[in-house]
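Grab a pen and work through these exercises with the structure open beside you. Try each one before reading its solution.

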Amino acid sequence: MTIPADRPHVLMMSEITADGKLTLKKGASSKILMKYMAHETELLLHNTRAEYDAIMVGANTIRIDNSFLTVRYVPGKSPLRVIPCSMADIPLDANVLGPDAPTAIAVAEVAPEERIEAIKKKGAHVIVAGKNHVELPLLMKILREQFGVKNLMIEGGPTLNWHMLHDRLVDEIRLIHLPFIVGGSDTPSLVGGMHIDNENEMIRLNLKKYYMCGSNLVSEFDVLYTQ
Ligand SMILES: NC(=O)c1ccc[n+]([C@@H]2O[C@H](COP(=O)([O-])OP(=O)(O)OC[C@H]3O[C@@H](n4cnc5c(N)ncnc54)[C@H](OP(=O)(O)O)[C@@H]3O)[C@@H](O)[C@H]2O)c1
């Protein structure tokens, strides 16, 4: 793993159906699909979390899934939980604001002070990274320089995945393939955001490894950004 000087090394890890979807339908929790992951794959996911300094998901995943983002199924330390939430409007009863692991909420300068104070009262760090919305390159720099984060994994959702890829901040992708098709043109898929206009804008990947983990196929890619 090569660690860049100015940001953490970033792994995107996700459970996806055979048609590339992350949930059953728009607004549904991915926990429903995760129930169908093989136990060996749950261990892989939690072992990966234990290997990483920090884990990040988008604010909407917290609102919908209310994830804990901790290491529970294997021995090991839970990573720093990082949630970009520009207006600091994360629910104050969210599981990530609980005491199980350290948490940093990344906000923009425009976030209301009283929400920032309420988050701090819950014991979480607040990182101001950007004027009107969270700027991910700046957040990565702060995590590296001020929090000593050398490697970070992101577990979605599609909006965060798209912004991280678009900002050229993802080094590796690891996919846990679930043998289901769910369909739905508005069902969240691995990467959301804007469509591209031509093939020059495709983000190229190098498939470096694939293997079975219990009953799940796992594939691993390096991200090859063109210069
Ligand atoms: N299968 C899986 O592995 C998996 C994993 C995770 C999530 N999911 C599913 O994905 C769905 C949620 O995905 P989503 O696309 O709606 O939301 P998301 O990617 O989880 O969160 C996006 C939100 O994060 C906040 N944010 C702040 N700064 C950002 C930035 N610079 N770039 C990107 N986001 C930023 C924004 O909310 P504010 O405007 O409030 O700041 C934005 O709307 C859920 O259904 C969940 O179950 C599946």
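**Exercise 1.** Which helix supplies the largest share of the shell around the ligand?

*Solution.* A word of warning before you start: this is a predicted model. Begin with the elements that each give at least two residues to the shell, namely strand 1 (9-17), helix 3 (59-65) and helix 6 (158-166). Helix 3 has the largest share, with 5 residues. Next, pick out who comes nearest: of the 31 residues around the ligand, that's Gly58, Asn60, Gly156, Gly157 and Thr159. Finally, sort the shell by chemistry, and you get 13 nonpolar, 14 polar and 4 charged residues.

**Exercise 2.** Find the residues that touch the most other members of the largest nonpolar core.

*Solution.* The core has 47 residues, and the ones to look for are Ile83, Ile105 and Ala106. Now see where core residues come from: the elements supplying at least two each include strand 3 (80-84), strand 4 (103-107) and helix 5 (136-147). Then zoom in on Ala106. Skipping neighbours within four places in sequence, its contacts include Ile83, Pro84, Ile127 and Leu139.

**Exercise 3.** Work out why the buried residues of helix 2 line one face.

*Solution.* First list them: Thr41, Leu44, Leu45 and Arg49 are the buried residues of helix 2. Looking down the helix 2 axis, these buried residues fall within an arc of 135°, so they line one face. The general rule helps here: an α-helix has 3.6 residues a turn, so residues three or four places apart point the same way. Last, check what the buried residues of helix 2 pack against: strand 2, strand 6, strand 7 (172-178), strand 8 (204-213) and strand 9 (216-224).

Conventions
Residues are numbered from 1 along each chain as its sequence is written. This is a predicted model: local features need pLDDT of at least 70, side-chain atom pairs count only at pLDDT 80 or more; totals for chains, interfaces and linings use all residues. A residue is near a molecule or strand if its C-beta atom, placed from the backbone, lies within 6 Å of it. Helices (H or I, at least four residues) and strands (E, at least two) are DSSP runs, numbered from the N terminus. Ala, Val, Leu, Ile, Met, Phe, Trp, Tyr, Cys and Pro count as nonpolar, Asp, Glu, Lys and Arg as charged, and the others, Gly among them, as polar. A nonpolar core is a set of buried Ala, Val, Leu, Ile, Met, Phe, Trp, Tyr and Cys residues joined through C-beta atoms within 7 Å. A residue is buried if 20 or more other C-beta atoms lie within 10 Å of its own, exposed if 12 or fewer, and partly exposed in between; C-beta atoms are placed from the backbone. Two residues are in contact if their C-beta atoms, placed from the backbone, lie within 7 Å. The arc is that of the directions from the helix axis to the C-beta atoms.
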